[in-house]
Amino acid sequence: MKKTVMISLLVGASLFATDYSKVIEHPDASKMIEKDLLAPPQTFTMPAGCITNDADAIARGEYIFHNLNGKKAKKNPPKGLSRKENGKFKQYGNCVACHNIEGAKGAGNIGPDLTDYKENFVDSGARDHQFVYQKIADARIDNPNTHMTINLTTKLFTPREVCDIASYIVAPK
């Protein structure tokens, strides 16, 4: 008897239930996926005068390398950088999460060790400045499976910021 009453109540309730199917959003997922897809890998040519010994450029590169974003950045940014961009906190590189380099705190061990990069790779002729610039700009050119951020293709960084990071990496420390 209880079973019959319970079934009757459920059937009765379902007959009078409100149809919410018209108020539930059904977004086109293909548009969301398309928006999130990365553009194809791009080759970039390093601008003239990109790699520099300018102390301000190297300081900016160091700051970007060692910080994640303007909100949580350690210390105030050097001349030519700001914590905010267009009213939002600026996203920095946090390269140190994956790479070690001289003076790094909390250096990562996922990406190549960049300690003595100029001496080991540039001065030896194994790499050139264009390689360093391209690797920071869009590393997918020579490694389609990279986990490195795609900085210039996605416009995370400007060409000047890529130059500053490259200048820092190859600068004597």
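A residue is called partly exposed when its relative accessible area falls between the buried class, under 20%, and the exposed class, over 50%. In this predicted model, Lys-135 counts as partly exposed because its relative accessibility is 23%. Lys-135 is a good place to begin, as it takes part both in a salt bridge and in the lining of the largest pocket.

The side chain of Lys-135 meets that of Asp-142 in a salt bridge, with an N to O distance of 2.8 Å. Asp-142 is likewise partly exposed, at a relative accessible area of 47%. The largest pocket itself has a volume of about 650 Å³. Its lining is made up of 28 residues, and those nearest the centre are His-99, Gly-111, Pro-112, Lys-135 and Met-148. Two or more lining residues come from each of the elements H4, H5 and H6. Of these, H5 gives the most, with 4 residues. In terms of class, the lining of the largest pocket holds 17 nonpolar, 9 polar and 2 charged residues.

Helix H5 (129–137) deserves a further look. Within H5, Val-132, Tyr-133, Gln-134, Ile-136 and Ala-137 are buried. H4 and H6 are among the elements that cover these buried residues. The helices that cover H5 thus include H4 and H6, and H4, H5 and H6 each supply residues to the lining of the largest pocket as well.

The second largest pocket encloses about 350 Å³ of space. It is lined by 14 residues, with Glu-62, His-66, Asn-67, Lys-74 and Lys-75 lying nearest its centre. Here helix H3 (residues 55–66) gives the most to the lining, with 4 residues. The lining of this second pocket divides into 5 nonpolar, 4 polar and 5 charged residues.

Turning to charge pairs, side chains of opposite charge can pair when their charged atoms come close. The count comes to 8 salt bridges, one of which is the pair of Lys-135 and Asp-142 described above. Another brings together the side chains of Glu-85 and Lys-90, at 3.9 Å from N to O. The two partners fall into separate accessibility classes: Glu-85 is partly exposed at 40%, whereas Lys-90 is buried at 5%.

A further salt bridge forms between Arg-160 and Asp-164, whose closest N and O atoms are 3.2 Å apart. Because Arg-160 and Asp-164 are 4 residues apart in helix H6, about one helical turn separates them. An α-helix has 3.6 residues a turn, so residues three or four places apart point the same way. Arg-160 counts as partly exposed, with 38% relative accessibility, while Asp-164 is buried, with a relative accessible area of 2%. Through salt bridges that share partners, Arg-60 joins Arg-160 and Asp-164 in one network.

Helix H6 (159–170) also holds one end of a disulfide. A search of the whole structure finds 1 disulfide, and it joins Cys-50 to Cys-163 with an S to S distance of 2.1 Å. The torsion about the S-S bond of this pair is about -120°, so the disulfide is left-handed. Distant parts of the chain are linked in this way: Cys-50 sits in the loop between helix H2 (29–36) and H3, and Cys-163 sits in helix H6, 113 residues apart. Both Cys-50 and Cys-163 are buried. Cys-95, by contrast, is in no disulfide, and the nearest cysteine sulfur, that of Cys-98, is 8.6 Å away. The sulfur of Cys-98 has that of Cys-95 as its closest cysteine sulfur, and at 8.6 Å this is too far for a bond. Cys-95 is buried, with a relative accessible area of 18%, while Cys-98 is partly exposed at 30%.

Finally, two loop residues stand out for their backbone angles. Asp-116 has a positive phi of about 55° although it is not a glycine. Asp-116 belongs to the loop between strand E2 (88–89) and helix H4 (117–122) and is partly exposed, at a relative accessible area of 36%. Lys-155, also a residue other than glycine, has a positive phi near 65°. Its place is the loop between helix H5 (129–137) and helix H6 (159–170). With a relative accessibility of 70%, Lys-155 counts as exposed.

Technical notes. Residues are numbered from 1 along each chain as its sequence is written. This is a predicted model: local features need pLDDT of at least 70, side-chain atom pairs count only at pLDDT 80 or more; totals for chains, interfaces and linings use all residues. Side-chain values use heavy atoms; hydrogens and water are left out. Buried means under 20% relative accessible area, exposed over 50%, partly exposed in between (1.4 Å probe, protein chains only). Contact means heavy atoms within 4.5 Å. On a 1 Å grid over the protein atoms alone, a cavity is a set of points where a 1.4 Å probe fits but cannot get out, and a pocket is an open set with protein on both sides within 12 Å along at least five of seven lines; lining residues have an atom within 4 Å of a point. Grid points are joined across faces, edges and corners, and a volume is the space filled by probe spheres set on the points. Ala, Val, Leu, Ile, Met, Phe, Trp, Tyr, Cys and Pro count as nonpolar, Asp, Glu, Lys and Arg as charged, and the others, Gly among them, as polar. A salt bridge is a side-chain nitrogen of Lys or Arg within 4 Å of a carboxyl oxygen of Asp or Glu. A disulfide is a pair of cysteine sulfur atoms within 2.5 Å.
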